Amino acid sequence: MSCTKTISVTAAAAAPGSESRLAQKFGGHYASDWMSQLPSSWTPYIQLARLHRPHGLIVVSLSHLFGVLLAAARLHASPADTARVGGIVLLGALFCNSGAHAWNDLVDAPIDAQVERTRTRPIPRGAVTPAAALLFAASQAVLAAGCLLLLLPAGARAPAVPTVAAILYYPFAKRQMFAPQLVLGACMGLAVLVGAAAMGMREAWMDPAARCLAAATALWAVLFDTIYAHMDLKDDVKLGVNSLAVFVQGYARRVLALLGVGVSTLLYRAGVHAGMGAAYYGISVAACSVCIAGIVGLLDLEDRASCGKFCIFGFRFTGVAIVGGLLVTYLTSL
């Protein structure tokens, strides 16, 4: 049963400039400079898809690339094949990310309207109607499915099906389970398997190295999204919205440290199963582990700006480190 309080669907959105600096940076009114070159009618849809601050897109893309590069190194795939599959997977990740954010915002609109950081998102502020958001989400889903069904091997479909189910369920998980970050983590872990299967790894979900890398990616997403969730902790408690940040109040740093140990251990085990070399252990495992340890130690969980900064920096730095180690390993395998 949901513990979320009943919330009015409509709420007065804050006028631009009246929000806190944090809300202006991470909320719905933020606009990148490049957006001024496009028609103004596109702006709310760019914001709906989170392309104005593509943090989510980067995370989704990196997760898929983990799998692509692992499989490419294991299969000694040619650079041309790796680039082709990587390009298709990244295009699909773009559509998947856009559709998932639109779906999430559509379901979460009543809650977003009550949270200071999110009340200026396109739907709560009235820039996009719920019907238009649903149509946009559906169009992105069709395009993502086209990449999967028409351009990738049939083996990539098996891990993609539970990914779609997890994406559809995620916004409801905030109302029905104590840690919706686990659902997000499952999405990112499955993305690794989609990437590996797309590269030609048969039954990637049965491969020990791919499974360890997928599990490491899932914990990686849970860790940093829990940090991100601390930005809305007070609002979530007030509104009855579930998150791991709410559940682990009082011992969050210890939980984050345990998640970090899990990420490092699983990355190491993936390397052992795949027979990786020094580049992988030095870049993907060691650099990622040092970064996580530093963030967990330095992070101020009471400071919303600190949580936002370390979440985005940590996600990107550790993600690039994992990709970097896998890429060097792949290139040396040619």
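Glu-116 and Arg-304 form a salt bridge, with 3.4 Å between their closest N and O atoms. This pair links distant parts of the chain: Glu-116 sits in the loop between α4 and α5 (130-151), while Arg-304 belongs to helix α13 (residues 304-333), 188 residues apart. The model behind this description is a predicted one.

How covered are the two partners? Glu-116 has a relative accessible area of 19%, under the 20% limit, and therefore counts as buried. Arg-304, at 28% relative accessibility, is partly exposed.

**Salt bridges**

The whole count comes to nine salt bridges. Three of them are set side by side here, each with its N to O distance.

| Acidic residue | Basic residue | Closest N to O distance |
|---|---|---|
| Asp-105 | Arg-50 | 2.7 Å |
| Glu-116 | Arg-304 | 3.4 Å |
| Asp-232 | Arg-117 | 2.5 Å |

Let us take the Asp-232 pair next. Asp-232 lies in the loop between α8 and α9 (233-239), and Arg-117 in the loop between α4 and α5, so this salt bridge links distant parts of the chain, 115 residues apart. Asp-232 is buried at a relative accessible area of 9%, and Arg-117 is buried at 4%.

Salt bridges that share partners also join Arg-50, Asp-105, Asp-112 and Arg-121 into one network. Within it, the side chains of Asp-105 and Arg-50 meet in a salt bridge of 2.7 Å, N to O. Asp-105 is part of helix α4 and Arg-50 is in the loop between α2 (43-48) and α3 (55-75), so the pair ties together parts that are 55 residues apart in sequence. Both Asp-105 and Arg-50 are buried.

**Asp-108 in helix α4**

Helix α4 (residues 79-112) also holds Asp-108. Is this acidic residue buried or exposed? Asp-108 counts as buried, because its relative accessibility is 3%. Which residues does Asp-108 touch, leaving aside those up to four places away in sequence? They are Pro-171, Lys-174 and Arg-175. With Arg-175 there is a polar contact between the two side chains, at 3.1 Å.

**The nonpolar interior**

In soluble globular proteins, nonpolar side chains tend to be buried together. Here, the largest nonpolar core has 83 residues, and those with the most contacts inside it are Phe-66, Phe-224, Ile-227, Leu-267 and Leu-326. Helix α8 (residues 208-229) supplies the largest share of this core, with 13 residues.

What does Ile-227 touch, not counting residues up to four places away in sequence? Its contacts are Leu-256, Ile-295, Leu-299, Cys-307 and Cys-311.

There is also a second, separate core of 11 residues, which includes Ala-102, Ala-109, Val-128 and Ala-132.

**A nonpolar patch on the surface**

Some nonpolar side chains are found on the outside too. Phe-178, Leu-182, Phe-247 and Tyr-251 form a nonpolar patch on the surface, and together they have about 390 Å² of accessible area. One of these residues, Leu-182, is placed in helix α7 (residues 181-198). Leu-182 counts as partly exposed because its relative accessibility is 40%.

Key: Residues are numbered from 1 along each chain as its sequence is written. This is a predicted model: local features need pLDDT of at least 70, side-chain atom pairs count only at pLDDT 80 or more; totals for chains, interfaces and linings use all residues. Side-chain values use heavy atoms; hydrogens and water are left out. Patches are made of residues with over 30% relative accessible area and no salt bridge: like charges are joined within 9 Å, nonpolar side chains (Val, Leu, Ile, Met, Phe, Trp, Tyr) within 5 Å. Accessible areas come from the Shrake-Rupley method with a 1.4 Å probe; for residues, only the protein chains shown count as cover. A salt bridge is a side-chain nitrogen of Lys or Arg within 4 Å of a carboxyl oxygen of Asp or Glu. Helices (H or I, at least four residues) and strands (E, at least two) are DSSP runs, numbered from the N terminus. Buried means under 20% relative accessible area, exposed over 50%, partly exposed in between (1.4 Å probe, protein chains only). A nonpolar core is a set of buried Ala, Val, Leu, Ile, Met, Phe, Trp, Tyr and Cys residues joined through side-chain atoms within 4.5 Å. Contact means heavy atoms within 4.5 Å. A polar contact is a pair of N or O atoms within 3.5 Å; within protein, one must be able to donate a hydrogen and the other to accept it, and residues adjacent in sequence count only if both atoms are side-chain atoms.
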